[in-house]
Amino acid sequence: MIGSIARRPLEGGEGEKRFRIALAQLNLTVGDIDGNVAKVIDWTLRARERFQADLIVFPELTLSGYPPEDLVKRADFMAACDAAVLRLLRELPHGIGVVIGLPERKDGARYNSAIVLRDGAVVARYHKHRLPNYGVFDELRYFTPGDAPCVFAPLGGGGEGEVLTLGLTICEDIWHPEPIAQSRDAGARLILNLNASPYQHDKPSLREQTLRARVAETGLPIVYVNLIGGQDELVFDGGSMVMDASGKVIHRLPMFEEALGCIEVDEDGAIRPGDGIHAELLDETAAIYRALVLAIRDYAHKNGFKGALLGLSGGIDSALTLALAVDALGADQVEAVMMPSRYTADISQLDAAAEAHALGVAYHVVPIEPSFTAFQQMLAPVLHGRTEGTTDENLQARSRGVVLMGISNATGKLLLTTGNKSEMAVGYATLYGDMAGGFAPLKDVPKMLVFRLARYRNTLSPVIPERVITRPPSAELRPDQKDEDSLPPYPVLDAILEAYIERMEGLEDIVARGFDAPTVRRVIRMVDLAEYKRRQAPPGVKITPRAFGRERRFPITNGFRRELLP
């Protein structure tokens, strides 16, 4: 579709016309249509007042939030999105164009759309061409792909002689050559790309490489506007950027923060920063840490929890989770509970108390010996006194789960589980015990990354005792227990898991990398057999290319056991 929006342009040197485009990098909430509309109006006013912007660009599916999932299958939800557009047409200020994303219905089909609003009218409309249907994305379940370009002219009436024209695209479109080439062929001199691109540790560099490839193919600059915020198992990192026709990033908004930026475009499509903002990308460890913090904050706040609590064991996983929770919510909103048993080491209790004191959280000690003994006695007639081994270990973990859920129910605080990806992968966790809770911040964080993140957090302020980082990990469910009694050393385990889970390699390929065949076979078997546990785990934020949950989907009942063959 071709439309136009008119405004008197800025005058540059020697009569040069300039046009200001604002980038609105927002934290939107899925389903909160009224709240999202209010943000669009507020940030449009900011852009006009702060930058005298001619146009402001918002992220993908601005009105519904991303991903709306089956909400778009509800007629009342789609009607609410339609009504939101009418409200915007009435309430948006005149004299500035507004580009928003929304789900739309037309002729019995649903589209992932972008529209341009100006002075009380919809002046351009685009339907997303490429609908991702891999990993965490299910857009073919919800939307019909579009096939027509949308080019609109912001510097005049849109008639003959118009100099600058802008092309609209949405997220996945930028990962393929055809949509942008189609916009170029329709006359676009600059591309606007609305995004809801979730974070994973390698994504920032991949996005930049992808934009550079599109620029090289078409010679067109790209304005890339991304969402930020946590949404269930996803976290969006922002990092909105503008790439010029040479492939150079000339403007970048900060990661994991709401931000408003501005660029200037001349009549030939040449661009320059309009606000002096140029944030640097965070290094990988810092970015992952910020992603986890934002995910906890938004999950708690957007779901109405009154803070968070967790079991603090004196080990590294719970220590890191506590630091993340405090950084996300504030010390006054977080509680930590030490639940010692007959097997809990004195140094674990000392270290847990030290962590809680360093972070300034409410700290409770609730021994589980009475409940553990009671459960043993209750089960004795049924099990003829045989509760030793795994049964006893799990009774301790489940006693702790009952304590923590009781506190969560009474306080309205979100219970954070503390298990990491390595443990979840091999089933080194107890259903209804340490897996009990509402959100799992470390669910996609392998154990070796846990160590790295703990050391990173201590560079900000020393809150995790060094001994917690250097001690051999232990569940402390039996005398002198160490994780390596049940698992390969974590450097080996994580390397095997990365090959099997992230890269989908089989037994032969992993062994060919130099790993011991019996160890690889054992690890693969543990991963496969633990699928039923993972299916019952709480949601946790994705930070790797293949997170457990909606991204890695394997059957629980599964007769394929290739790793057991000789």
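**A buried glutamine and its surroundings in a predicted model**

Glutamine 200 is buried, because its relative accessible area is 10%, below the 20% cut-off for a buried residue. The model examined here is a predicted one. In this model, glutamine 200 sits in the loop that runs between strand β10 (190-194) and helix α5 (203-218). Which side chain makes a polar contact with the side chain of glutamine 200? The partner is the side chain of lysine 542, at 2.8 Å. Lysine 542 also appears in the list of residues in contact with glutamine 200 once neighbours within four places in sequence are left aside; the list reads Lys542, Ile543, Thr544 and Pro545.

It helps to step back and look at the chain that holds this loop. The chain contains 17 helices and 21 strands. Its radius of gyration is 27 Å, close to the 24 Å given by the globule rule for 566 residues, so the chain is as compact as a globular protein of that length. Along the principal axes, the C-alpha trace spans about 90 × 55 × 45 Å. Of the 566 residues, 56% are buried. Contacts between residues at least 6 apart in sequence were also considered, and 73% of these join residues at least 24 apart.

The surface and the charges complete this general view. About 22,000 Å² of the chain is exposed, and carbon and sulfur atoms supply 53% of that area. The chain carries 64 positive and 75 negative charges, and the mean positions of the two sets are 2 Å apart.

Two residues in strands come next. Isoleucine 170 belongs to strand β9, which covers residues 166-170. With a relative accessible area of 1%, isoleucine 170 is under the 20% limit and therefore counts as buried. What does isoleucine 170 touch, not counting residues up to four places away in sequence? The residues are Glu60, Asn112, Ser113, Ala114, Tyr126, Lys128, Asn193 and Leu194. Valine 151 is 19 residues from isoleucine 170 along the chain, and the C-alpha atoms of the two are separated by 13 Å.

Isoleucine 271 is part of strand β17 (residues 271-273). Is isoleucine 271 buried or exposed? Its relative accessibility is 13%, so isoleucine 271 counts as buried. Setting aside neighbours within four places in sequence, isoleucine 271 is in contact with several residues, among them Leu190, Pro221, Val242, Met243 and Ile250. Glycine 219 lies 52 residues from isoleucine 271 in sequence, and the two are 13 Å apart in space, C-alpha to C-alpha.

Helices provide further examples. Valine 326 lies in helix α7, made up of residues 316-329. At 11% relative accessibility, valine 326 counts as buried. Its contacts, apart from neighbours within four places in sequence, are with Ala331, Val334, Leu359 and Val361. Alanine 84 is 242 residues away from valine 326 in sequence, with 36 Å between them in space, C-alpha to C-alpha.

In helix α14 (residues 490-502), the buried residues are Tyr490, Leu493, Asp494, Ile496, Leu497, Ala499, Tyr500, Ile501 and Glu502. An α-helix has 3.6 residues a turn, so residues three or four places apart point the same way. Leu493 and Leu497 are both among the buried residues of α14. Where does the cover for the buried residues of α14 come from? The covering elements include α11 (421-426), α12 (447-460), α15 (507-512) and α16 (517-529).

Finally, a few backbone details deserve a look. Most residues other than glycine have a negative phi, and most peptide bonds are trans. Methionine 504, which follows α14, has a positive phi near 55° although it is a residue other than glycine. Methionine 504 lies in the loop between α14 and α15, and at 44% relative accessibility it counts as partly exposed. Leucine 61 is another residue with a positive phi, about 45°, and it is not a glycine. Leucine 61 is located in the loop between β4 and α2, where its relative accessibility of 0% makes it count as buried. The loop between β4 (55-57) and α2 (75-91) also holds proline 67. Which kind of peptide bond joins tyrosine 66 and proline 67? The bond is cis, with omega at about -5°.

Terms used:
Residues numbered from 1 in each chain as written. Predicted model: local features only at pLDDT ≥ 70, side-chain atom pairs only at ≥ 80, totals over all residues. Heavy atoms only, no water. Helix = DSSP H or I, 4+ residues; strand = E, 2+ residues; numbered from the N terminus. Buried < 20%, exposed > 50% of the residue type's maximum accessible area, 1.4 Å probe, protein only. Polar contact = N/O pair within 3.5 Å; in protein donor to acceptor, adjacent residues only side chain to side chain. Contact = heavy atoms within 4.5 Å. Rg over C-alpha atoms; globule rule 2.2 N^0.38 Å. Areas by Shrake-Rupley, 256 points an atom, 1.4 Å probe, with all protein chains shown as cover. Lys, Arg positive; Asp, Glu negative; His and termini not counted. Charge placed at Lys NZ, Arg CZ, Asp CG, Glu CD.
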